[in-house]
Amino acid sequence: MRTDIITVVQMRAIDAAAAHGGTPTRTLMERAGFAAADAVTARFTPRATAVLCGPGNNGGDGFVVARALQERGWPVWIECAVPVAELTGDAADAARAWQGEVFPLGDGDRRPELYIDALFGAGLARPLTGVAARVARMLRSMPERVVAIDLPSGLNGDTGKPAGDACVAAALTVTFVRKKPAHLLYPGRELCGEVVVADIGVADELVRAQHITLHENDPALWKAAFPWPAATAHKHARGHVMVASGPFARTGAARLAARAALRSGAGLVTILSPRDAMAEHAAQLNAIMLRETEGGGAFADAAEKAQCLVIGPAFGVTPDRRILFEAVMRVRNRCPLVVDADAITLLSPIGEGALRATDVLTPHVGEFNRAFPELLEAQPSRVEAVRAAAAKCGAVVLLKGPDTVIGAPDGRAIINATGSPFMATAGSGDVLAGLIAGLVGQGMPSFEAAAAGAWLHGRAGALKGPGLIAEDISELLPPILAEIYDANEKF
């Protein structure tokens, strides 16, 4: 699977490099149009189809799509946003090859059953206006009848946000070479519908030459670093993860994180509990160990001895909790931390060098805004905001959401697309923190562990669907882990 995600600028550079290497852009347009037609005919039966063409190369792709469908017997016509005589370059050449009907965009009383949106592609940076805006608003109300070429018109290819208040929504989007950020970032992901990446004969080395640092999350990115146990392994060799618990009546989050750490393979997991919560924990734990931990010294000792420490889920933000958290942060030889929930609040706002490269910060949007004020608004997309946050704090940052983004201090970033709306339930984030900690505790590099944890978490949640609660997620992991393990063994 190709995990690279390319920006609009990188796509232009790839097209230019292909042309320089001997593949004319007109040839790429022909391949793109016929590949899009293949995707359409694989999903729809022949029906009255309007191909909506814009003034640029996206419109040229549309002329090729129309010709390919016509050759297959489809009733198809073009609606063009500009007079055909005004087209230039490859788009004009593609228009000359079309022998069917051409009408002005939005003109007439024709009633197509399917629309092919080839008005504007990923490079559009301005809001749609005039007839194009009116047509886009109409299509937004009927996505099940729309196929978009490259991206739905009006959607910014890099940010995943509409450029204005008019944007097409599609049931299917056919893009080329690699996905763009907008195919994965919301609201773009929802506006795109199903995304098909068509191969148009661009060599992989032309993509690699762009030094891609953004990827779609997939086991291919981290399976080589996954910490499977050796035949001679024992529990002490598989890492000891500790989870800091909140006080009495605030203990469930720690248990959720601890169970997830155990499920992801940690050999030993211990909950660090205040005295008043010991009985509450002891009544509900079996394989997970329990340690009474009072005072900063005990927390500092745990941070030295563990292979990873989860701190934050229902931990509390009172002054005494702050003292404990600061005791951990002062430990010179401390283990990697997964900093979540209340610990993010205790640390906020987060300055330069506040964390270490082995630490993982796991905020939701509200926590991210407290930790890095105004960063989301200052950056063009969630990806750039997470990259900036990771560089600022010096740690791996995982911004949770339906389009979870993971960033490393060195600029690498991953967008996670696994998951389900039913994961929006209390405790789900605690499970994610524990999953990541379990992998880090076994020696997996923190960036890869965060990516693997997010992917596994989403896959498990998607398996259950309606009725999912946080307790289910860890229990759904074994078959998913087995699938990855079996693939690894065959590889």
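Helices and strands are DSSP runs, numbered from the N terminus. In this predicted model, the loop between β6 (172-176) and α6 (188-192) contains Pro187. The peptide bond that leads from Tyr186 into Pro187 is cis, with omega near 5°. A cis peptide bond also joins Ser348 and Pro349, where omega is about -15°. Pro349 is placed in the loop between α12 (342-347) and β14 (360-361).

Backbone angles were also examined at two alanines. Most residues other than glycine have a negative phi, and most peptide bonds are trans. Ala249 has a positive phi, near 75°, and is found in the loop between β9 (240-244) and α8 (252-263). With a relative accessible area of 56%, Ala249 is exposed. Ala341 is not a glycine either, yet its phi is positive, at about 50°. The loop between β13 (337-339) and α12 holds Ala341. In contrast to an exposed residue, Ala341 is buried, with a relative accessible area of 14%.

An open sheet of 10 strands, with mixed pairing, follows the order β8-β17-β16-β15-β14-β13-β12-β9-β10-β11. Its edges are β8 (214-216) and β11 (289-292); each has a single partner strand, so one side of each is left without a neighbour in the sheet. Strands β16 (residues 405-407) and β17 (residues 413-415) run antiparallel and are joined by three bridges. Ile406 has Ile414 of β17 as its bridge partner.

Ile406 also belongs to the largest nonpolar core, which has 51 residues; Ile406 and Ile436 have the most contacts inside this core. Helix α17 (residues 446-464) supplies the largest share of the core, nine residues. Leaving aside residues up to four places away in sequence, Ile406 touches a set of residues that includes Asn217, Val386, Leu398, Arg412, Ile414, Phe447 and Ala454. Apart from the largest core lies another, of 47 residues, among them Ala244, Ala395, Ala413 and Ile415. In soluble globular proteins, nonpolar side chains tend to be buried together.

The structure holds zero disulfides. Cys167 is in no disulfide, and the nearest cysteine sulfur, that of Cys192, is 8.3 Å away. Cys167 is buried, with a relative accessible area of 1%. For Cys335, the closest cysteine sulfur is in Cys308, at 5.9 Å, which is too far for a bond, because a disulfide requires the two sulfur atoms to be within 2.5 Å. Cys335 is buried as well, with a relative accessible area of 4%.

Note on methods. Residues are numbered from 1 along each chain as its sequence is written. This is a predicted model: local features need pLDDT of at least 70, side-chain atom pairs count only at pLDDT 80 or more; totals for chains, interfaces and linings use all residues. Side-chain values use heavy atoms; hydrogens and water are left out. Two strands pair if DSSP finds at least two bridges between them. Helices (H or I, at least four residues) and strands (E, at least two) are DSSP runs, numbered from the N terminus. A nonpolar core is a set of buried Ala, Val, Leu, Ile, Met, Phe, Trp, Tyr and Cys residues joined through side-chain atoms within 4.5 Å. Buried means under 20% relative accessible area, exposed over 50%, partly exposed in between (1.4 Å probe, protein chains only). Contact means heavy atoms within 4.5 Å.
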